[in-house]
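Please examine the model below together with its sequence. The account that follows proceeds from the whole chain to one helix and then to single residues.

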Amino acid sequence: YTELLPNEANPQDTFAEISRMAGRYEEALKHYHLSLKIDPTFHESQLGLGDTYALMGDEAKAREEYAVAIQEGTKIQAILWALQSAATYVREGNLSGADEAFEEVAKQAHAEDFGNIEAEAFRSMALYQKDVSKALQLLDKAETILHEKHKVPQGLLDEEMAAVLRTRVERAIQNENMALAAASLKFLQGMAEANSDGIVQSHYSGAAGAVLVAQGKYEDAIVQLEEDSDNPFSMRLLFQAYQKTGNQQAMERVAQKLSKFNEPLIEQAVVVLPFRKIRAASPTAGPQHREWAMEW
């Protein structure tokens, strides 16, 4: 593709993205720079530089590159890309910095009436809070925002509502509040039954699988979680469920997939990085992994 169209930026950007997803970060940086050399206004490649440095662990450099992309993007792009920049603080373990960054994103989204993104900022904060009560308060705030009237399409609001409910289920389980988990799952089930949106369906499957794992119903959980097998939270639960059922081959398959998840999302910071550390701590364990602790 790049050889056939040597004077176009998009092939280079695609090459860079594929390289980043495969964990070949230096190759990704090379092709993002080539894309920008061909077309300095190809802002997605500028974003890609930030994404790549974020995954490499150079979060300060990532924020520098994100800042350039944010200045060049549209209003909606700038706010969405600011979410990815905010996640860099979580990778650093600077949770207070992350709170400030996500709150700023929420403020900007509110000013532009992007209710789904405003809610996503608060939901993102709920994912890494060590205090579960604070996390639940943030999710309540996100839900309140989504119930308000906004200019964005209802479908986008529904997708974010499903994500909020799914997160509430998971955090309630982590706090051993099964009553709240069940109530949230029931509401989400109603959404899924009334809405054929694939994202809503996936969030329901992930949440249902989480409840089933908590109940020790691992075979049933696997059926649900496989419907959401590209989400790091579901992958983590699949690892646990396969471990409990003794399916070591499937367990290792999921572990490899989760370890190689190279998307610059908040889920990568919250789930994938801790998982990699656990695997690195037991390099000779092979498929005989110790029990997966539900750490946040």
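**From overall charge to a covered helix**

The protein carries 29 positive and 45 negative side chains, and the centres of these two sets are 4 Å apart. The coordinates belong to a predicted model. Its secondary structure amounts to 15 helices and 0 strands.

The overall dimensions may be considered next. The C-alpha trace extends over about 55 × 50 × 35 Å along the principal axes. For a chain of 296 residues, a compact globule would be expected to have a radius of gyration near 19 Å; the value for the protein is 20 Å, and the two therefore agree. Of the 296 residues, 53% are buried. The exposed surface comes to about 13800 Å², of which carbon and sulfur atoms supply 51%. As for the contacts between residues at least 6 apart in sequence, 54% link residues that are at least 24 apart.

Within this framework, helix α3 merits a closer reading. The helix comprises residues 43-56, and its 14 residues should span 20 Å at 1.5 Å a residue; because the end C-alpha atoms are indeed 20 Å apart, expectation and model agree. How many of the residues of α3 are buried? The count is 12 of 14, so that the helix is mostly covered. Among them are H43, Q46, D51 and Y53, together with L47, L49 and L55. The cover involves several other helices: the buried residues of α3 pack against α1 (9-21), α2 (25-38), α4 (59-72), α5 (75-92) and α15 (266-281). After α3 comes G57, which has a positive phi, near 95 degrees.

One residue of α3 illustrates this packing in detail. Q46 belongs to that helix. Its relative accessibility is 8%, and since buried means under 20%, Q46 counts as buried. Setting aside residues up to four places away in sequence, Q46 touches L36, E65, V68, A69 and E72.

A second residue may be read in the same manner. A82 is located in helix α5. Why does A82 count as buried? The reason is its relative accessibility of 11%, as buried means under 20%. Apart from neighbours within four places in sequence, A82 makes contact with I70 and V105. A further relation concerns A101: this residue is 19 residues from A82 along the chain, and the C-alpha atoms of the two are separated by 8.1 Å.

Conventions. Residues are numbered from 1 along each chain as its sequence is written. This is a predicted model: local features need pLDDT of at least 70, side-chain atom pairs count only at pLDDT 80 or more; totals for chains, interfaces and linings use all residues. Side-chain values use heavy atoms; hydrogens and water are left out. Helices (H or I, at least four residues) and strands (E, at least two) are DSSP runs, numbered from the N terminus. The radius of gyration is taken over C-alpha atoms; the globule rule is 2.2 Å times the number of residues to the power 0.38. Buried means under 20% relative accessible area, exposed over 50%, partly exposed in between (1.4 Å probe, protein chains only). Contact means heavy atoms within 4.5 Å. Accessible areas come from the Shrake-Rupley method with a 1.4 Å probe; for residues, only the protein chains shown count as cover. Lys and Arg count as positive and Asp and Glu as negative; His and the chain ends are not counted. The place of a charge is taken as NZ of Lys, CZ of Arg, CG of Asp or CD of Glu. The expected span of a helix is 1.5 Å times one less than its number of residues.
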